[in-house]
Amino acid sequence: MQFRIAAYGEVRDENGRVLLTRRKRAGREAGPWHLPGGVIDHGEPPKRAAGRLLAEHTGYDVTVGRPLEAVAVARRGVHTNAILYAADVKGGPAADFAGETAEWVEPSRAAAEPHSPFVSAALGLADDRLAGRVDKAPQETRPVPPAKAKKGRRRRGQRFGAYGVVADGDGRILLARIAEGYPGGGTWHLPGGGVDFGESPKAAVAREIYEETGQDAQVGGLLNVTSFRHRRAIGPEGYPLDWHGVRAIYSATVPDPSAAVVVEAAGGSTSESRWWDAEALDDLPLSAAVEDALQVVDLKNLAAQA
């Protein structure tokens, strides 16, 4: 199994048409419609990648906005986690552009003609190629860092994770503590983790919240997407690893909260979990993911958002 991380841009004009691309093949029908975008480079922030790939595939100069959705496609042994960003055209296309054919397409036409699953996601269409699964327990092997590199080389690894800013009706936030021996050990973290093969990011959040806290959560919208790169991370065998992670952060609520308890097997990355009042956060050692969430969510006012 192979895991990839991708970024795409959803660009619409004043008439609601969508900017799509497809390949023209001599003597044959044109290929299916695609959202402009593709696989991100190692260490590249997804938003920056979306801007680069939009320009490369369409010739337009664009401004990339907020993340709209995180979706996953799993087929032929390859699982792709993709972030869809809103984007606007600033200028172009470039006069000397010689890439794929880019065209403004009516949504009804794109839906009626062959198109990629990421176009389906942008148009809000059901597509059985989009990953779903809502199992509470993992059914497939999760992505792990690559095997030890040969002497003198540093291997690269990527991971896509989905996390939840989880509140209850009283405005408390649900956090999980990272076990000692893991990166960030001892800090309080958003419940979440890696997306399994064939699993959507939203389904991963629901599963991870249950595994790490024992709570049945209702997962809401995508709040933010962040990324990080550790050029000298330590792999599972104690060797240096150039590690690139991308986090999709969702809102979530627990309508019927109970005492938090770790459900996943002993020896995992979570040592304990707990509901916290917002006032207590100032005195807690918080992970980078929680700090990221603080930038987009008013954790002091979760009661109003729950």
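How far apart should the ends of helix α4 (residues 201–213) be, at 1.5 Å a residue? I am working with a predicted model, and I began with this helix: its 13 residues should span 18 Å, and since I find its end C-alpha atoms 18 Å apart, the expected and the found span agree.

Next I looked up how covered α4 is, and I noted that 10 of its 13 residues are buried, including Pro201, Val205, Ile209 and Thr213. After the helix comes Gly214, whose phi is positive, near 75°.

I then turned to the nonpolar cores. The largest has 33 residues, and Ile209 is listed among those with the most contacts inside it, together with Tyr85, Phe160, Val166 and Tyr250. I saw that α4 supplies at least two residues of this core, as do, among others, β1 (2–11), α1 (46–58) and β12 (240–253). Apart from it I found another core, of 17 residues, among them Val18 and Ala122.

My search for aromatic pairs across the whole structure gave four. In one of them, the rings of Phe3 and Phe197 have their centres 5.9 Å apart and their planes at 90°, so I entered the pair as edge-to-face. Phe3 sits in strand β1 and Phe197 in the loop between β10 (192–194) and α4, 194 residues apart. Phe3 counts as partly exposed because its relative accessibility is 24%, whereas Phe197, at 14%, is buried.

I also recorded Tyr60 and Trp104 as an edge-to-face pair, 6.1 Å centre to centre with 70° between the planes.

Last, I checked Arg274, which lies over the face of Trp276, at 4.0 Å from the ring centre.

Conventions
Residues numbered from 1 in each chain as written. Predicted model: local features only at pLDDT ≥ 70, side-chain atom pairs only at ≥ 80, totals over all residues. Heavy atoms only, no water. Helix = DSSP H or I, 4+ residues; strand = E, 2+ residues; numbered from the N terminus. Expected span 1.5 Å × (residues − 1). Buried < 20%, exposed > 50% of the residue type's maximum accessible area, 1.4 Å probe, protein only. Core = buried A, V, L, I, M, F, W, Y, C linked by side-chain atoms within 4.5 Å. Phe/Tyr/Trp six-rings, centres within 6.5 Å; stacked < 30°, edge-to-face > 60°. Lys NZ or Arg CZ within 6 Å of the ring centre and 35° of its normal.
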